[in-house]
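Please examine the sequence and the three-dimensional structure shown here before reading on.

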Amino acid sequence: MRIQAILIFLCFNLYYLSAQLIISENENSAGGSFPIYTASKHADIFCDSNDYETVKIAVGLLASDIEMVTGHRPEIVHDKSAFSEFMIIAGSLEKCSIVKELSSSKEINSERLAGRWEQFCFKTVQKPFPGVKQALVICGSDKRGTAFGVFTLSKAMGVSPWYWWADVVPEKKSNLFVAPVEYLSPAPSVKYRGIFLNDEDWGLQPWAAKTFEPETGDIGPKTYAKIFELLLRMKANLIWPAMHPCTKAFYHYPGNRETADDYGIVVGSSHAEPMLRNNVDEWDVKTMGEFSYASNAGTIYNYWKQRAEQGKNYENIYTIGIRGIHDSGMEGVSSMEDKKNLLEKVFADQREIIKNHINQDVTKVPQAFIPYKEVLEIYDNELNLPDDITIVWPDDNYGYIRRLNTSNESKRLGGSGVYYHLSYWGRPHDYLWLGTTHPNLVREELYKAWQNGCSTIWVMNVGDIKPAEYLTQLSMDMAYQAEPFAESNYVKIHLHNWLQHVFGSKAGSSIQHIMWEYYQLAFERRPEFMGWSQTEPTMVINPTEYNHFSYNDEAQKRLDRYNRLSLMADSLKHTIPNHRSDAYYQLVYYPVRCATLMNRKFLHLEKAHNYAKQYRVSANDHALLAKQAFDSIMLETSYYNEKLAGGKWRYIMSMNPRSLPVFDCPMIPSWETAGKTDFGICLEGFTDERPRENMYGSRLPVFYTPEDKYFTDLFLTGNGNINWVASPSQPWITVNKNSGILKDEFLKKEERLWIGIDHTKLQDGKDRSGFVTIKGGTREFNVPVRLKVSGIANGTFIEKNGLVSIFGENYSHVESTSGYKQEVSDGLGYSGKALMLSAPMNTSMIDDSIEFKASAEYDFVCSSKGDVKVYVYCLPVHPLNSNHKLSIGLSIDNEAPKIVDYQTFDRNETWKQNVLRNSAIITSVHSITEPGKHSIKISAFDPGVIIDRILLLFGNNEAGYSAIPETRMK
């Protein structure tokens, strides 16, 4: 029996909930299935010639979608006289004559749609007209609602919104049946939902100008038509057009605004482009004067008025206010009072233009105010903002929203929204190359905004579109229906189902694991940030903060994770069907492979320099690995641009946007090798070679649990080969390898031994010590081994080698203000399970009159006393709104809490480091008078605190960069 190809679309129209629209290759066993296509019968499509152009475009694309899936293109008819036995009837409630007839005859319930915003219904109807056996009716409350219904059917047939933009070729099907259905879509969660094309200089613009739309030589109507189609397929409705100097203004090219109107896309403009004006392209300082409303108001007023006249017949959102010409501060005023007064004058004049040229009732025209960067400070100085204007709260460019509504702001007539970055050009460092923002960070911040009432406008800065396909889909799905994202683990389900829709059920499950790990690694440090804000060419090494000698070699553990990931992606690549191989390369292989290579480039180069100090001959090998990584990035990017999809994407992908030093080829050092054949060893925790005569005082960290393993490196320091032998002094000491040869060959000049404890050979619970003897050539080393097991209970967090490590989710006790709960967020934090101390329990997120307090306590046992330095690692979120800070209290046992406010201001150095590492580090020093059981309490006095992990350091220990494994006796 043929396996049914069924895709289920639900009331939330995402990827997995309860069935509402079921498409199968077999007829429904209960009967009544509607045949879109079979070998013996097929449906045609009706579209009223008087309907909206948006509907006509959607219907035409539906016909093409059916052809992609079945090989048969249905006829599109415009009159009842051309009806066949089976008809798909698609039309808006407002303009489709057949829909009106069906409504009059009560075959469809139009009352449920009347006056609604962007909603649609499906219904299978029996014998609706003479000669028609069955119809599938898609009715929309308006033009976009109708298009969304049409594309819901396309997606259910297996046509991805990304079929063109990511070459997701749909599976061929010999039959297509729709099970009997009657369904009404919900209203969108966010009214205006869309994207901002930005920083297009290295991808979208050169690709459009040279490859896709050379007749325009720019991003023009042909390119925008493809973008607008993508938006409709994602149930989005808003565009902020590209606006960098390389791109002409949206209104420059005849056809851009008409194309937007045809596709039903609302046009807005960014925070730097008031009144739909692209100042970078359209304002000429030489002929028009300074862009200062303080000194040149008349010229600027007329400039804005002209655009209002040009756009009055189209659906737009007008950005209100004024900044500099391109993402800079307001010109012509210096004091805060003058800035506020001038901005209020600008509001009045802009609204006068809207009233005179667009609508006498200015409150009926959508307007947006975006308090981005320095504008937020002006707003906070009691700026008088008209109540019907929508406040669009921006993030800090790195995925953390700077501000949300207070109780009073949430009551504004114009509502509020969010401007959020999935791509960014700017300080402290760009991330334009690969889409690496963690999906669960997107979910956490956007869902928080939606709960706070930000439901009027959501705009995602997606850069060139191509590097951020899934993140764009995720954010648009959230904007369309936010409710399913109430639980943090839904994001992993959403990713899984999206990948299954793109690659099939079997491959999708494997790819989901790959991509989740990809996002986890990038959350710890994006590939573009591996230069640690490097500003000089890579011939000058900026060391990373990864430790190569402690914590099991942090750097190598990161490399190992990336290498496993890359191997998985490469292995799976060979199993992907040919028709999906281009999609796999774009969505999975290229980002995973290049992120791996970027980490290899920096970490192997750093190893080379570190190992050269120990006279390791292998230092040259690591330098060569760094160079090979750079060369491989070049090869992969060349394939992307030249050969992928037959050259379709030539010029779309740049491996070095803005030509920043972090992307450069490193200068590969070379170290001379000593002639004498010799070798050395390096114990974990030490950075220098340990010859025999200096072994005293050098030893591995103490072993506690069966999981504990520590390394000892053996390495050549001269030419030639050396045979070596490792012999444990006791049967309970284990070594992963007991003998071998250090060879003067590439990648064979060093050996890492892992020493551990076999606890099955220990029954008396006593502490022990021993050693491992390493012999090679004329040298012999004794590596001390110490075991501590006495007096430690299972399940206890303990001090191990001077530190206690606890992940935020593993609290002993929690408390919170009424109306809030604790929530472990799957995927957030280096630990992957960060604790949100104050997750709201309903959509009424915040009452500023409530005194907020939440706390988490963590029990631990220590063997040391005296001063202990506490590190609490939190997500670098910002205060919820202007009535809050980010205050937490840290206390051990019953001491008074030490209060720390870790909010950051004005893009200062702390903020820069926080966003680069996705972690805010709060430190304090406490005193423990006696060893034994203790408790550390973290109290949050403001909502929004998210705890990743806690580290307590005794003595001279230093924290690592990544998450140190928990010190727990299991």
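The paragraphs that follow lead through the empty spaces, a helix, some aromatic rings and a few local features of the backbone.

The structure is a predicted model. We begin with its empty spaces. Rolling a probe the size of a water molecule over the atoms shows where empty space is left. The largest pocket found has a volume of about 1200 Å³. Its lining is made up of 38 residues, and Y551, N552, E684, P701 and Y710 are those nearest the centre. At least two lining residues come from each of the elements α16 (554-573), β20 (709-716) and β27 (803-807). By class, the lining of this pocket comprises 12 nonpolar, 12 polar and 14 charged residues.

We turn next to the cavities. There are 14 of them with 30 Å³ or more. The largest cavity holds about 190 Å³ of space. Of the 21 residues that line this cavity, P467, E469, Y519, L587 and P591 lie nearest its centre. Two or more residues of the lining are given by each of α13 (469-480), α14 (490-503), α15 (505-524) and α17 (578-612). The largest share belongs to α17, which contributes 4 residues. The lining of the largest cavity has 17 nonpolar residues, with 2 polar and 2 charged ones. The second largest cavity holds about 100 Å³. It is lined by 14 residues, and P241, F250, G268, E273 and L276 are the closest to its centre. Here the division is 7 nonpolar, 3 polar and 4 charged residues.

A helix offers a simple check of geometry. Helix α5 has 13 residues, numbered 221-233, and at 1.5 Å a residue it should span 18 Å. The C-alpha atoms at the ends of α5 are indeed 18 Å apart, which agrees with the expected span. How many of the residues of α5 are buried? The helix is mostly covered, with 11 of its 13 residues buried. Among them are the nonpolar-to-charged neighbours in the chain L232 and R233, together with P221, T223 and Y224. The cover over the buried residues of α5 includes the helices α1 (53-70), α3 (143-157), α4 (204-212) and α6 (256-262), as well as the strands β11 (192-197) and β12 (238-240). After α5 comes K235, which has a positive phi near 60°.Aromatic rings form another theme. A pair of aromatic rings is described by the distance of the centres and the angle of the planes. The count for this structure comes to 59 aromatic pairs. In one of them, the ring centres of Y398 and Y424 are 5.3 Å apart and the planes stand at 70°, so the pair is edge-to-face. These two residues are 26 residues apart and link distant parts of the chain: Y398 belongs to the loop between β16 (390-394) and β17 (416-421), and Y424 to the loop between β17 and α12 (439-451). Y398 counts as buried because its relative accessibility is 1%, and Y424 counts as buried because its relative accessibility is 3%. Y398 also pairs with Y431; their ring centres are 5.5 Å apart and their planes are at 45°, so this pair is tilted. Y431 lies in the loop between β17 and α12, and Y398 in the loop between β16 and β17, so the pair ties together parts that are 33 residues apart in sequence. Both Y398 and Y431 are buried. Elsewhere, ring pairs join W164, W165, W207, F212 and W649 into a cluster.

The loop between β17 and α12 also holds P428. A cis peptide bond, with omega about 0°, joins R427 to P428. Most residues other than glycine have a negative phi, and most peptide bonds are trans. Against this background, two further residues deserve attention. D167 is not a glycine, yet its phi is positive, about 55°. This residue lies in the loop between α3 and β9 (176-178). With a relative accessible area of 10%, D167 is buried. N801 likewise is not a glycine and has a positive phi of about 55°. The loop between β26 (779-787) and β27 contains N801. Its relative accessibility is 26%, so N801 counts as partly exposed.

The last stop is S927, in strand β35 (residues 920-928). Is S927 buried or partly exposed? Its relative accessible area is 46%, so S927 is partly exposed. S927 and G866 are 61 residues apart in sequence, but their C-alpha atoms are 5.2 Å apart in space. When neighbours within four places in sequence are left aside, S927 is in contact with G866 and D867.

Conventions: Residues are numbered from 1 along each chain as its sequence is written. This is a predicted model: local features need pLDDT of at least 70, side-chain atom pairs count only at pLDDT 80 or more; totals for chains, interfaces and linings use all residues. Side-chain values use heavy atoms; hydrogens and water are left out. On a 1 Å grid over the protein atoms alone, a cavity is a set of points where a 1.4 Å probe fits but cannot get out, and a pocket is an open set with protein on both sides within 12 Å along at least five of seven lines; lining residues have an atom within 4 Å of a point. Grid points are joined across faces, edges and corners, and a volume is the space filled by probe spheres set on the points. Ala, Val, Leu, Ile, Met, Phe, Trp, Tyr, Cys and Pro count as nonpolar, Asp, Glu, Lys and Arg as charged, and the others, Gly among them, as polar. The expected span of a helix is 1.5 Å times one less than its number of residues. Buried means under 20% relative accessible area, exposed over 50%, partly exposed in between (1.4 Å probe, protein chains only). Contact means heavy atoms within 4.5 Å. Rings of Phe, Tyr and Trp (its six-membered ring) pair if their centres lie within 6.5 Å; planes under 30 degrees apart count as stacked, over 60 as edge-to-face and the rest as tilted.
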